[in-house]
Amino acid sequence: MPQLLRLGLWFSATVTLSRVGATPSCGIKEGRCSAAAAAGEHLLLQLERGGHLSNGPAVTDDANSCNGMPDIKRKCSSNSCKVLAENMKHFSCSEFCHRSGRRCIRAWEEVSDDCEVRETLSCDQTYGDTSDLLCECSPEVVGVFESAAAGGAHSMSTSSGCKKSCTDMPDVEQKCSPSGCKVLVTNMKDSSCSSYCARTGRACVAAFEEVDETCGVKEVRICDQTYDDTSDLICECAPSEADPAQVGGSSTSASTPSWELVWSDEFDGHQVDRSKWHLEHAGGGFGNEERQFYRERNAHVGLGSLHITAKCEHYDNHGFTSAKLMTKDKSQWGPGHKIEVRAKLPKGKGTWPAIWMLPAQNAYGRWPASGEIDIMEAVGCSADQAHGTVHTGSYNHMTNTQVYSILATPVSQWHTYTLDWTKLGMQWYVDDQLYGAFAPSEHDSGKWPFDQEFYLILNLAVGGSWGGSCLKDGTPSCSSSNEFGNDQVMEVDYARVYRQA
């Protein structure tokens, strides 16, 4: 759970797109198509949305030139690599350069639709409601794009001719390209196109809002973001499948034959194992206006499981007590691991049980810059929902950009909650059912601080900004039977950590 005030704002997304063109072809490398094919299809889409190419080939053979980039209002350098780009609302210079297979070098806000710089931006940044940006792209390209005769189709070609399709994409309402890699996707509430593509081991190339549930494009969106105004999106995924081990395991199951158990607590004894867990002794709200004070006595082991009990009890100026266990300073893990916890959760309003992780070292700065991984959160105010979330400098609840997934499930029953964490992405499972994925388009520390080691946390919070969002003043009643009239217990059968062999 976040260490600062969680607003609990959730997003959904809608998108669709249209174009006519050839199935992408690309060079073969280790049996897979190059990502240049995806960049090519993205460029074609922009052409159909009103973009244009300069005379001659879309990409020149001159290694120092950027001729042929779409949506250019004005050239701002002799080699055409620095341009005033139009149609940039909700769009970054990184995404603009990527459309022609290039990388962004620098970005600026312009002055009065000319090449004068008003403000320096980061390549990944969008700027308010502006529709124009100054973008400088690298002259190097991923592949070579060719323009057919006027009125004809466009295609992208490279040194070889393999063709890849995306025939296994789930939840497809309508295919929007011959390859099946651009699709109108249903059930996208609380999900992003990056997460959608990651479900089949692919990377997201582009995301769009659709027109009236068709493949017509209304607006360019962002791969990594969810939106609150739609349940459909047009998602464009890379035609070549990435190694599932890089994105986060199988698309259908959390189990693979190549995991080695490296740490576990089966809770078979008669007390908490202090060699594995640190028990918190603290209160104060934890940045979320939580009402509990954590005490060691609220955690006990018996009958083969851990019991964390939250109850109405006055202690140190707090009205509730509970428990919080952490492996901090004892054990921590990074990419290439799978964390698995079998638990049964309380349902009372005001409860906020969580299985989550924080960085062992704040390598990139204070929260949220160094990251947070929520393997499972549930709140009694939203019955029978399991939430899986990441918080980073770029994606967090303070800016309404947190990346999360929700699964409807009876949390008061036993379930196994699993995080599959690799060097490029994460996937969330409940009882081996995949319900969420996070695989950002770029892996800078703002989007992906998860190249570091994190420690595991088990706790049961009370009330506060999210846990008590349905209650008066965020505090549960100690007399109501559906709140804290009875003690609330989070029970854990085991916690296990596996390393990929």
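## Largest cavity

About 60 Å³ of space is enclosed in the largest cavity of this structure, which is a predicted model. A search of the whole structure returns three cavities of 30 Å³ or more. The lining of the largest cavity consists of P346, K347, A378, V379, G380, S382, A383, D384, Q385 and V411. By class, five of these lining residues are nonpolar, three are polar and two are charged.

Two strands, β26 (372-379) and β27 (382-391), each contribute at least two residues to the lining of the largest cavity. The greatest contribution comes from β27, which supplies four residues.

## Surroundings of the cavity lining

Two of the lining residues, D384 and Q385, are also contacts of T409. Leaving aside neighbours within four places in sequence, T409 is in contact with D384, Q385, A386 and H415. T409 itself is placed in the loop between β28 (403-408) and β29 (415-421). Its relative accessibility is 8%, so T409 counts as buried.

Strand β26, one of the strands that supply the cavity lining, also holds E372. With a relative accessible area of 0%, E372 is buried, because the limit for a buried residue is under 20%. The side chain of E372 forms a polar contact of 2.7 Å with the side chain of W367. E372 and H391 are separated by 19 residues in sequence, while their C-alpha atoms are 5.1 Å apart in space.

W367, the partner of E372 in that polar contact, also precedes a cis peptide bond. The bond runs from W367 to P368 and has omega near 5°. P368 is located in the loop between β25 (351-359) and β26.

## Overall architecture

The protein contains five helices and 33 strands. Of its 501 residues, 56% are buried. Among contacts between residues at least 6 apart in sequence, 72% join residues that are at least 24 apart.

## Nonpolar cores

The largest nonpolar core has 50 residues, of which L306, I355, M357, Y417, W421 and L456 touch the most other members. Strand β32 (residues 454-462) provides the largest share of this core, namely five residues. Apart from it lies another core, of 18 residues, including I72, C81, A85 and C93.

## A buried position in strand β33

A495 is situated in strand β33 (residues 488-500). At 0% relative accessibility, A495 counts as buried. Apart from neighbours within four places in sequence, A495 is in contact with W263, S264, D265, F267, W277, E340, V341 and L456. One of these contacts, L456, is among the residues that touch the most other members of the largest nonpolar core.

L306, another of those core residues, can also be related to A495 by distance. The C-alpha atoms of A495 and L306 are separated by 9.9 Å, and the two residues are 189 residues apart along the chain.

## A buried loop serine

S192 is found in the loop between β13 (182-185) and α3 (193-198). Its relative accessibility is 2%, so S192 counts as buried. A polar atom of the S192 side chain lies 3.1 Å from the backbone nitrogen of S195. Not counting residues up to four places away in sequence, S192 touches C223, D224, Q225 and T226.

## Loop residues with positive phi

Positive phi values are found at D113 and at D212. D113 has phi of about 60° although it is not a glycine. The loop that holds D113 runs between β6 (104-110) and β7 (117-121). With a relative accessible area of 37%, D113 is partly exposed.

For D212, phi is near 50°, again a positive value in a residue other than glycine. D212 belongs to the loop between β14 (204-210) and β15 (217-221). A relative accessible area of 68% makes D212 exposed, because the limit for that class is over 50%.

Methods: Residues numbered from 1 in each chain as written. Predicted model: local features only at pLDDT ≥ 70, side-chain atom pairs only at ≥ 80, totals over all residues. Heavy atoms only, no water. 1 Å grid on protein atoms, 1.4 Å probe; cavity = no way out; pocket = protein on both sides within 12 Å on 5 of 7 lines; lining within 4 Å. Points joined across faces, edges and corners; volume = space filled by probe spheres on them. Nonpolar A, V, L, I, M, F, W, Y, C, P; charged D, E, K, R; others polar. Buried < 20%, exposed > 50% of the residue type's maximum accessible area, 1.4 Å probe, protein only. Polar contact = N/O pair within 3.5 Å; in protein donor to acceptor, adjacent residues only side chain to side chain. Contact = heavy atoms within 4.5 Å. Core = buried A, V, L, I, M, F, W, Y, C linked by side-chain atoms within 4.5 Å.
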